[in-house]
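Reader: I would like to take a close look at one small part of this protein and then see how that part sits in the whole. Could you go through it slowly for me?

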Amino acid sequence: VRDPDQRYLPAALRCHAICTGELGHYEQQKLLLQRALAIEERSVLPDHPAIAETLILLADAFGQLGDYDQHKSLLQRALAIMERAFSPDHPTIAVTLGSLAAAHWNLGDYEQ
C-alpha cells in the first residue's frame, strides 16, 4: 500500500456499494465504486487484486445499468490483472470468464 492513510476506505466503499446495489440503486453503486477505484489506483500497485475486485463490482453496476460495452471493458481489465496475479486455474478467473461470456452475450457477440 503506497498510501497507508487510504488503506481501508476502498474496502468500506466496496461494502457500501454492494449493499447499495442489493437495494437496486445502481447509479449510486457505480459512483461509490468509481471512488473506491480512484483511491486504489493512487494507493496500491496497478496490478493489485483489490483493483480487479473493484473493477468486477463496477462492471456489474454498469451491466445493471445496461451499459454492456463498459461492463465488458471493465471485466477485460479485471481479468488481465487477475491473470497476472493468480494461476490460470484460480476460481476467481473462472468466475470472471463466466461474467465476460455473459457480457458478450448481452452485446450479441455470440461467437466470443
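Which residues does Gly21 touch, not counting residues up to four places away in sequence?

Author: This is a predicted model, and with that in mind we can start at the glycine you ask about. Once the residues up to four places away in sequence are set aside, Gly21 touches Tyr26 and Gln29. Gly21 belongs to helix H1, which covers residues 9–22, and its relative accessibility is 9%, so it counts as buried, the cut-off being under 20%. Another residue to look for is Gln64, which stands 43 residues from Gly21 in sequence, while the two C-alpha atoms are 9.0 Å apart in space.

Gln64 takes us to another helix, since H3 is made of residues 49–64. Thr54 is found in helix H3 as well, and with a relative accessible area of 0% this threonine is buried. If its neighbours within four places in sequence are left aside, Thr54 is in contact with Arg14, Leu33, Ala36, Leu37 and Glu40. Arg14, one of these partners, lies within the residue range 9–22 of helix H1, which brings us back to the helix of Gly21.

Two cysteines also deserve a careful look. The sulfur of Cys15 has its closest cysteine sulfur in Cys19, but the distance of 7.0 Å is too far for a bond, because a disulfide needs the two sulfur atoms within 2.5 Å. Cys19 is likewise in no disulfide, its nearest cysteine sulfur being that of Cys15, and a search of the whole structure finds 0 disulfides. Cys19 has 48% relative accessibility and therefore counts as partly exposed, whereas Gly21 counts as buried.

Stepping back to the whole chain, you will find 5 helices and 0 strands, which follow one another along the sequence in the pattern α-α-α-α-α. The C-alpha trace spans about 45 × 35 × 20 Å along its principal axes. For 112 residues, a compact globule would have a radius of gyration near 13 Å, and the 14 Å of this chain agrees with that. Among the contacts with a separation of 6 or more, 57% are between residues 24 or more positions apart.

As for the surface, the chain exposes about 6600 Å², of which carbon and sulfur atoms supply 53%, while buried residues make up 37% of the 112 residues. The chain carries 9 positive and 15 negative charges, and the mean positions of these two groups are 8 Å apart.

Conventions. Residues are numbered from 1 along each chain as its sequence is written. This is a predicted model: local features need pLDDT of at least 70, side-chain atom pairs count only at pLDDT 80 or more; totals for chains, interfaces and linings use all residues. Side-chain values use heavy atoms; hydrogens and water are left out. Helices (H or I, at least four residues) and strands (E, at least two) are DSSP runs, numbered from the N terminus. The radius of gyration is taken over C-alpha atoms; the globule rule is 2.2 Å times the number of residues to the power 0.38. Buried means under 20% relative accessible area, exposed over 50%, partly exposed in between (1.4 Å probe, protein chains only). Contact means heavy atoms within 4.5 Å. Accessible areas come from the Shrake-Rupley method with a 1.4 Å probe; for residues, only the protein chains shown count as cover. Lys and Arg count as positive and Asp and Glu as negative; His and the chain ends are not counted. The place of a charge is taken as NZ of Lys, CZ of Arg, CG of Asp or CD of Glu.
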